[in-house]
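Visitor: Please give me a close look at a single part of this protein, one helix with its surroundings. I would like to know which way its residues face and what lies against them.

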Amino acid sequence: MTNTNSDNSREWAEQAYALLKKRQEEQKQELQKKEEQKQELQKKEEQKSFIDNGTKENPPKKPETVDELELGEFDDNFTWSAMVLAAQGKKVNQITLDEIDWLTKLRRGLEETRKGFVSELLEKLGDDPLTPESLDDLETLLIRADVGIDSTDKVIGSLRKKLNEEVVGGEAGIKFLKRELKLIIDKPIKNSGTNILVPQKGKLNVWLLVGVNGVGKTTTLGKLAYLSSRSKYKTLIAAADTFRAAAVEQLKVWGERSNVDVISNQSKNADPAAVVFDAINSAKKRNIDLLLVDTAGRLQTKNNLMDELAKIKKIIDKKVPDAIVESLLVLDASQGQNGLKQAKSFAKSANLSGAIITKLDGTSRGGVSLAVSEEVNLPIRFIGAGEGIKDLRPFNSYEFVEAMLADK
Ligand SMILES: Nc1nc2c(ncn2[C@@H]2O[C@H](COP(=O)(O)OP(=O)(O)O)[C@@H](O)[C@H]2O)c(=O)[nH]1
Ligand SMILES: [Mg+2]
């Protein structure tokens, strides 16, 4: 994003804001009208049932719904988010509240990662051109943000080369840095052949969520179920973490909120592969597009976890050989280098196809996403920045780097 046109940018963002506001007011009126019609109908029904059997029945329980977003203030967050969307070619009337809300969360979430990083760097640089000393500072800052040694070496190497060739001003330096970081994140994504991971229509897609305890597998699965069913994919959940009794209950709550069924086996010590077996049968019967599989997360040093994952995969291959299977490693960003270690060890034995980074809200270690791309060669597929059902989005490297290096 460039700041050269900041007056135009503000005007553009103002227009986007006004359009969203208008849309929201229209939606509210529409909703109110519907509510009034519903109440009218309910009244009639109640009168009817009172006449029919002389009793007034309890009104049916309303299913728990997901709250619609409210348009906030026209502030710096809105302007920044609108500009990030504009820079990616969005038209002023194409912007949605979901996108603005997410980008605001992402930028806020990466605040800690940014704090000791860009702000400090800009302060150090001032308006002066980059010097070999400022590169040393940058190196320290990148390492501190958990970007990892390999990525840091790569970026600093490119910058040094550029410095030898020409004078690089502070702003141009940041721009170059953003481009280099984006290249690192994009490489495994490009190699995978798909930009964004979506279920393929007409086939059964099976996404296994793997990772150690507490990183956010079950929560992420709940958010994915919501995203998937909202995007009109027929979705089903398999509760294959039979190790934790509460895991099934936790999944059922998520399933209810996104209107997705959960296949489980409540008996103690149920075999996870058997749950997956049942879930595949059910998925075939119901013509499901996406089956999301929650798995247990005992430490990867225990071979039995890897054996279990292998067994689950074998069942899938045998029962639905033409299914599209994705093994997605869930990593908790706040674990920094420890997460990187987990990624390396899972990558060795679990045949991973991608990563999901969670808990990007409020950690200073968001840079670990770069280390995962560079050192484990895993494409990042989704990122999570909060505990809410909407706090997960498909990964977008441009947005991520802009949020990580935003100058405020
Ligand atoms: N702040 C924050 N918390 C999260 C996020 N994802 C998951 N959590 C929390 O992390 C904890 C563990 O999550 P859970 O899904 O049970 O992890 P699992 O053991 O891998 O299945 C829960 O308290 C979640 O609410 C996130 O993106 N941000
Ligand atoms: Mg879990």
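Guide: What follows starts at helix α9 (245-258), then moves to its neighbours and to other parts of the chain for comparison.

The model is predicted, so local features are given only at pLDDT of at least 70 and side-chain atom pairs only at pLDDT 80 or more, while totals for chains, interfaces and linings use all residues. Residues are numbered from 1 along each chain as its sequence is written, and chains are lettered from A and ligands numbered from 1 in the order in which they are written.

The setting is a chain with 14 helices and eight strands. Helices are DSSP runs of H or I with at least four residues, strands are runs of E with at least two, and both are numbered from the N terminus. The C-alpha trace spans about 85 × 55 × 35 Å along its principal axes. Of the 408 residues, 41% count as buried. Buried means that 20 or more other C-beta atoms lie within 10 Å of the residue's own, exposed means 12 or fewer, and partly exposed is in between, with C-beta atoms placed from the backbone.

In α9, the buried residues are Ala247, Val248, Leu251, Trp254 and Gly255. They lie on the same side of α9 because they cover an arc of only 125° around the axis; the arc is that of the directions from the helix axis to the C-beta atoms. An α-helix has 3.6 residues a turn, so residues three or four places apart point the same way. On the other side of α9, Ala245, Ala246 and Val253 are exposed.

The cover over the buried residues of α9 includes α8, β2 (235-240), β3 and β4 (290-295). Ile237 shows part of this packing. Its contacts (C-beta atoms, placed from the backbone, within 7 Å) include Leu251 and Gly255, together with Leu221, Ala225, Val262 and Ile263, leaving aside neighbours within four places in sequence. Ile237 and Leu291 have the most contacts inside the largest nonpolar core, which has 99 residues. Such a core is a set of buried Ala, Val, Leu, Ile, Met, Phe, Trp, Tyr and Cys residues joined through C-beta atoms within 7 Å. In soluble globular proteins, nonpolar side chains tend to be buried together.

A charged residue is also found here. Asp294, in strand β4, counts as buried because 29 other C-beta atoms lie within 10 Å. Not counting residues up to four places away in sequence, Asp294 touches Ala247 and Leu251 of the helix, and its other contacts include Lys217, Thr218, Leu221 and Ile237. Asp294 and Ile237 are 57 residues apart in sequence, yet their C-alpha atoms are 7.6 Å apart. In the chain, 78% of contacts between residues at least 6 apart in sequence join residues at least 24 apart.

Lys217 and Thr218 also lead to the ligand. Together with Gly216, Thr219 and Gly384, they are the closest of the 17 residues that surround ligand 1, each with a C-beta atom, placed from the backbone, within 6 Å. Helix α8 (residues 217-230) supplies the largest share of this shell, three residues.

The end of α9 is marked by Asn259, which follows the helix and has a positive phi, near 60°, although it is not a glycine. Asn259 lies in the loop between α9 and β3 (261-263) and counts as partly exposed because it has 14 C-beta neighbours inside 10 Å. Lys359, in the loop between β6 (354-358) and α13, also has a positive phi, about 55°, without being a glycine. Lys359 is buried, with 26 other C-beta atoms within 10 Å.

Helix α5 (residues 132-144) can be set beside α9. Its 13 residues reach 19 Å from first C-alpha to last, close to the 18 Å expected at 1.5 Å a residue, where the expected span is 1.5 Å times one less than the number of residues. Ser134, Leu138 and Leu142 are the buried residues of α5. They share one side of α5 because their arc around the axis is only 80°. The face turned away from them carries the exposed residues Pro132, Glu133, Asp136 and Thr140. After α5 comes Asp146, with a positive phi near 65°.

Technical notes
Contact = placed C-beta atoms within 7 Å.
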